[in-house]
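Here is a short set of exercises on the open and enclosed spaces of a protein chain. Have the model open beside you and try each task before reading its solution.

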Amino acid sequence: MNKPYPSEWNSFCLRDVVESRSSNVDKKSYDGDKIVQLCNYTDVYYNNRITSSISFMIATAKDKEIERFSLCLDDVIITKDSETPDDIAIPAYVSEELDNVVCGYHLTLLRPYKNKASGEYLAHLFRLPIIQHYFYILANGITRFGLTADAIANAPLVLPPLPEQQKIAKILTSVDEVIEKTQAQTDKLKDLKTGMMQELLTKGVGVDGKPHTEFKDSPVGRIPKGWEVRQFGEIFKSYKYGPRFSAKDYALNGNVKTIRGTDLSSNGVIKYTQVPTAKLDEKLVDQNALEDGDLVMITTADCGATAVFEKQSIPYIASAYAIKLTPKAQLNSKYINYFMQTRSALTQVESFIRKGTVANLPGSDVMSIVLALPSLNEQNKIVDILEQLDKEIALKSDSLESKSRLKKALMQDLLTGKVRVQVD
């Protein structure tokens, strides 16, 4: 019977290739102990690599703890305890020599035997689904989960020769670096958008290519002199909740799609699908159908989340836990959609929410939301600028998703030996 992995690869228990050390160094500082930098649970959980760029917390440790748990290049740290079993054994690789950094509590330090295993390779291997599943099964607990020393030491591994480990690790790390760079670019664009919204929705873009020079005080702060302060009740014709219907009305052969909170993305865009989800009376559909340019607002759970509806090939209606807002003339709904992502809008929404078993935002209160409103021409210009930023963010996000899929495929191929690498 053929091995399910290359013949040159061999089976090991983790204890055969690393020395494992579960840390007991907590965050408290004690008189008489030495000051150290402490690598905590979150430092490991949120970083693929442990480097000097991380802002480690300051704590103290005893001489024996410093000797046993100080981090060295090529170490791997894994999460040993967590509130959920799927957060167990998350790895991070120590990719550089660090000065006076000690592994903290709820973590296990894995120090590879130099002639048997590459720490960088093991850090990638620990992210393989089959390895994650092993630790998921063995995580003990009810309200908090943890791994025993034996569960860690006896973890089954299949490893290639050390030179092949090092080559595979180098490939996967290079992909990680590209992903991290793309993520940083995406985050930078999102921060830019947040800043641009704050600037454009309070200072505008000006008239005839010239910025506004005269400003006035208003209930919403300093705004251009020509802008108006309006309530939603003045700029929308009405608000209307979607119809209520029972579970039996949901059907595969439906005639209408309902918009719920799960159908809105985090940046205020509807995730359209052309598959109807309900079968309702045609008259009810006609009475509640969304029109091009209507603003949809969620009124429970993710209260105040909005999106602008764009006409589709099938009818859409707001769910019973959302309202549709039909704009009056001289209003670009997309401008309002961007406004609803600002601190000013979020603060107002928070003040209106009725707290209970489920948070609720009354439609009548929504009509009291206040904002600064420029002319339609300036609204359109502001929307154009922000939409261009959204397009750039979407491109970066798509690129990030594509690279992440590539990484998963590469991991599955390279870490199982399905695809071999040439070792010089």
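**Exercise 1. Find how much space lies in the second largest pocket, and describe its lining.**

Solution. Start with the volume: the second largest pocket holds about 460 Å³ of space. Next, pick out the residues closest to its centre, which are Asn48, Arg127, Asp176, Glu180 and Lys407 out of the 17 that line it. Then turn to the elements: H7 and H13 are those that give two or more residues to this lining, and H13 has the largest share with four residues. Finally, sort by class, and you get six nonpolar, five polar and six charged residues.

A few terms to keep at hand. On a 1 Å grid over the protein atoms alone, a pocket is an open set of points with protein on both sides within 12 Å along at least five of seven lines, while a cavity is a set where a 1.4 Å probe fits but cannot get out; lining residues have an atom within 4 Å of a point. Grid points are joined across faces, edges and corners, and a volume is the space filled by probe spheres set on the points. Ala, Val, Leu, Ile, Met, Phe, Trp, Tyr, Cys and Pro count as nonpolar, Asp, Glu, Lys and Arg as charged, and the others, Gly among them, as polar.

The model is predicted: local features need pLDDT of at least 70, side-chain atom pairs count only at pLDDT 80 or more, and totals for chains, interfaces and linings use all residues. Residues are numbered from 1 along each chain as its sequence is written, and side-chain values use heavy atoms, with hydrogens and water left out.

**Exercise 2. Do the same for the largest pocket.**

Solution. The volume comes to about 540 Å³. Of its 22 lining residues, Lys193, Ser266, Asn267, Gly268 and Gln341 are the closest to the centre. Helix H7 (162-203) and helix H13 (376-414) are the elements that give two or more residues here, with H13 giving the most, five residues. By class, the lining has eight nonpolar, nine polar and five charged residues.

**Exercise 3. How many cavities of 30 Å³ or more are there, and what lines them?**

Solution. The count comes to two. The largest cavity has about 80 Å³ of space, and its lining is made up of Asn48, Arg49, Tyr93, Glu120, Ala123, His124, Arg127, Thr173 and Asp176. Helix H4 (119-125) and H7 each supply at least two of these residues, and H4 gives the most, with three. The classes are two nonpolar, three polar and four charged.

Now the second largest cavity, with a volume of about 30 Å³. Lys240, Tyr241, Gly242, Pro243, Asn288, Ile317, Ala318 and Lys324 line it. Strand S17 (236-241) and strand S21 (316-318) are the elements that give two or more residues. Its lining divides into four nonpolar, two polar and two charged residues.

**Exercise 4. Which helix and strand totals does the chain have, and why is it called more spread out than a compact globule?**

Solution. First count the elements: there are 13 helices and 23 strands, taken as DSSP runs (helices H or I, at least four residues; strands E, at least two) numbered from the N terminus. The radius of gyration is 28 Å, well over the 22 Å from the globule rule for 424 residues, so the chain is more spread out than a compact globule. That radius is taken over C-alpha atoms, and the rule is 2.2 Å times the number of residues to the power 0.38. Along its principal axes, the C-alpha trace spans about 75 × 55 × 45 Å.
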